[in-house]
Structures are given as C-alpha cells and as structure tokens.
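Student: Could you take me through one part of this protein in close detail? I would like to look at the second largest pocket and the helix beside its lining.

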Amino acid sequence: MLRFLFKNKLSVFGSVLVVGSVIVLLYNYYKLQHLISSIQTVEKVYIEKEKTESEFKYGKTNLNINYLYIESESTDHRFYSYENTGKDLSSQDLEKAASEIPAGSKISIWVDEEENKDYKDVEIQKLKIDGNTVINNPANYLYLVLSMIIGLLFLLISRKYA
C-alpha cells in the first residue's frame, strides 16, 4: 500500500492532498470543540487601520489591514476581527459590521478558550446580535473536500497509468 502511495510524483501529490485535508479537517473540529460563548454588553466599537509597505524581490507591496475592535463593559478583553484589504484603505464588510453593533447592545460572542485565557485582545470566531450573525469565521470546508476529491483523482490516475 505504501509503495503505491509513493510510486510516482502524481501519487505522492495526491497522497499529500488527501492526508493534508484530513489533518486540517481534524484540526478545525478540535478548534470548534474549544470555543466558548458569552453574552456581552457593547461599550465601544471602532475600526483601526494598519498600513504597511513592504518590499520584496519584484517590487513594493501594500499590506493594509483593518481591525474591528469591540470593547465590552463586563471584561477587560478587546474582541477583534480583521481583514487584509491589500491596496484598499477601507473594508466594507467591517464597516457594515461596525454599523450593526450599536453601543449598549447585547451581543453573543464565540472566542477560542485558550486565547481568552492568555491574551487581552481576542479574535472573534462568531458574533451574533439579536439572533443575526454579524461575523462568522468558519473554516471553508468546500475547499477541503475539493482538495480530497482532487487528491483521490490523482491517486486513481497514477494507479491506472503506473
């Protein structure tokens, strides 16, 4: 069996795709099991922009990152979500989310348990206000399933032509 999986370059690539996708799926399942939720009262919502220029081998690049911060009354944590906007200076998604979260409103927020213990700034995994999901950072399972299917096709093709 192992001889077949590593027989040629195509079978190695297919094996890596399938095994890598399964590992990422298991990690995402583990991560979902360690989320905690709480209901917070919003004190302040704001967006900070970080503009970074970087040089690499072929020229310069802009790495503009927008952060949406939510401060609550009951904890000293700041909850954040971010988006890398590239050359754009603003993020329509984060601005829309900030406009939907008025100060004083009750929100349901899901964060990573370990990150909540260790850090003051905690990344938002899921955010709901009045039953509507405003921010949701799920793993994209479509790409994982697609890479598993492509990996299995590569294994079948390598077996047929080996």
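Tutor: Happy to; here is the pocket, followed by the helix that contributes to its lining. This is a predicted model, in which local features need pLDDT of at least 70 and side-chain atom pairs count only at pLDDT 80 or more, while totals for chains, interfaces and linings use all residues. Residues are numbered from 1 along each chain as its sequence is written, and side-chain values use heavy atoms, with hydrogens and water left out.

The second largest pocket has a volume of about 180 Å³. A pocket here is an open set of points on a 1 Å grid over the protein atoms alone, where a 1.4 Å probe fits, with protein on both sides within 12 Å along at least five of seven lines; lining residues have an atom within 4 Å of a point. Grid points are joined across faces, edges and corners, and the volume is the space filled by probe spheres set on them.

Among the residues lining this pocket are Ser81, Tyr82, Glu83, Asp93, Leu94, Lys96 and Ala97. Others in the lining include Val134, Ile135 and Asn136. Strand S3 (78–86), helix H3 (92–99) and strand S6 (132–136) each give two or more residues; helices (H or I, at least four residues) and strands (E, at least two) are DSSP runs, numbered from the N terminus. H3 supplies the largest share, 4 residues. By class, the lining has 5 nonpolar, 3 polar and 4 charged residues, with Ala, Val, Leu, Ile, Met, Phe, Trp, Tyr, Cys and Pro counted as nonpolar, Asp, Glu, Lys and Arg as charged, and the others, Gly among them, as polar.

Now for H3 itself. Leu94, Ala97 and Ala98 are buried, meaning under 20% relative accessible area, with exposed over 50% and partly exposed in between (1.4 Å probe, protein chains only). Seen down the axis of H3, these buried residues fall within an arc of 100 degrees, so they line one face of the helix; the arc is that of the directions from the helix axis to the C-beta atoms. As a reminder, an α-helix has 3.6 residues a turn, so residues three or four places apart point the same way. On the other side of H3, Gln92, Lys96 and Ser99 are exposed.

What covers the buried residues of H3 includes strand S1 (35–56), strand S2 (59–72), S3 and S6, where contact means heavy atoms within 4.5 Å. Thus S3 and S6 appear in this cover and also in the pocket lining.
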